[in-house]
Amino acid sequence: MKVLAIIAAVFHVCSAWPLERQVPLEAELNDRVSQLIHLHRYTEAMELAKKTVEHYTATFGVRHEGTATSLRNLALCHTRIGQYGEAEPFYLRAVEIREQLLGPKNIHTLEALGELADNYEKAAEYPRAEAVLLRVVEAQKEWGEKHIARARTFERLGIVYTGMHKFKEAETLLQKALTIYEAAYGPKFIQNAKCIEELARLNQEMGNFEKAEGLYSRAIAMVEKGFGPKSPEMAPFLNNLGTLYFAMRDYGKAKTHYQRAYDLLKKAFGPKDPDALICLRNLTSADAALGKGVKPPPESGGATLI
């Protein structure tokens with residue numbers, strides 16, 4: 001009866017989905033959660049993710065790839081709203097299942113470890129993130145230096161080292177990742193923009209503001225060409241360039257970029273979207289710095305979006 005109750009609850013959620021078609025219970029539940037996350041509909045995603053975990057566990061048991069994916073999706077919901085501690089046990093369970101089913105060196109197992117490391121990095125738990133990623137680096141050695149999955153690991157570890165102020169190591173890894181991406185996909189591949197932006201953030205942390213500005217602008221131009229100037233994909237890049245201008249005390253430019261980022265996110269996802277709220281806090285700080293008489297929040301204009 002419990003299983004039937006879970007399935008009924010999931011169908012109840014499915015019946016309210018305002019999309020062109022309904023999603024079959026088995027094959028696409030996890031895909032629907034991923035879609036909701038992509039749309040920043042985190043409340044709905046969290047609700048469905050929890051039911052999906054219950055459904056897969058009850059129907060297929062704990063040793064099932066669908067169960068692992070549902071746990072990963074639930075973890076990602078928590079990560080996206082800043083609940084890093086709540087996310088960790090779900091990532092760990094997903095890793096454990098994939099290790100049992102696929103082996104510790106399988107590409108999907110290692111990607112699950114990479115996402116666990118992302119969660120640690122966002123929580124500023126850099127030593128834990130480093131330890132996980134070094135494990136991944138070691139497991140991927142047999143794939144060769146130019147394997148595309150290794151580029152993502154190098155990029156992740158470079159981001160962690162930026163946070164740890166290990167700037168030389170970070171730059172080496174980010175450049176290595178970008179070289180692999182460009183060799184595999186070409187220099188204009190849209191996904192290269194994120195790695196270029198991380199190089200910008202690295203230079204910003206080092207105080208190389210002019211170089212950082214050039215890298216941010218290069219990344220923004222790639223995203224704008226790929227998605228268009230009014231796409232929400234532009235928002236993180238605009239906001240993060242704003243943090244550079246804030247660090248440079250060019251508060252007018254910082255405000256302009258925060259405002260653009262906030263407007264894009266508000267239009268796409270609503271004013272209560274977590275990323276939109278970060279941009280709004282940054283915008284408030286820029287206003288305060290410009291002498292508008294508004295008390296700046298603790299984040300003080302430097303909060304980046306990932």
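Y56 and F60 are four residues apart in helix α3, so about one helical turn separates them. In this predicted model, the two residues form an aromatic pair with a tilted arrangement: the ring centres lie 5.4 Å apart and the planes meet at 35°. The angle is called tilted because it falls neither under 30 degrees, which would count as stacked, nor over 60, which would count as edge-to-face. Y56 is buried, at a relative accessible area of 7%, while F60 is partly exposed, at 36%. The structure holds three aromatic pairs, and the pair of Y56 and F60 is one of them.

Another ring has a charged neighbour. K176 lies over the face of F154, at 4.8 Å from the ring centre.

Two residues that are not glycines have a positive phi, H40 and R249. Their values are set out below.

| Residue | Phi | Loop between | Relative accessibility |
|---|---|---|---|
| H40 | about 65° | α2 (29-38) and α3 (42-60) | 16%, buried |
| R249 | about 65° | α12 (235-247) and α13 (251-269) | 67%, exposed |

H40 counts as buried because its relative accessibility of 16% is under 20%. R249 counts as exposed because its 67% is over 50%. The loop that holds H40 leads to α3 (42-60), the helix that carries Y56 and F60.

As for confidence, the chain averages a pLDDT of 89, and 87% of the residues score at least 70. Over residues 1-24 the pLDDT is below 50, and this stretch has 35 contacts in the model beyond near neighbours in sequence.

Technical notes. Residues numbered from 1 in each chain as written. Predicted model: local features only at pLDDT ≥ 70, side-chain atom pairs only at ≥ 80, totals over all residues. Heavy atoms only, no water. pLDDT = per-residue confidence, 0-100. Contact = heavy atoms within 4.5 Å. Helix = DSSP H or I, 4+ residues; strand = E, 2+ residues; numbered from the N terminus. Buried < 20%, exposed > 50% of the residue type's maximum accessible area, 1.4 Å probe, protein only. Phe/Tyr/Trp six-rings, centres within 6.5 Å; stacked < 30°, edge-to-face > 60°. Lys NZ or Arg CZ within 6 Å of the ring centre and 35° of its normal.
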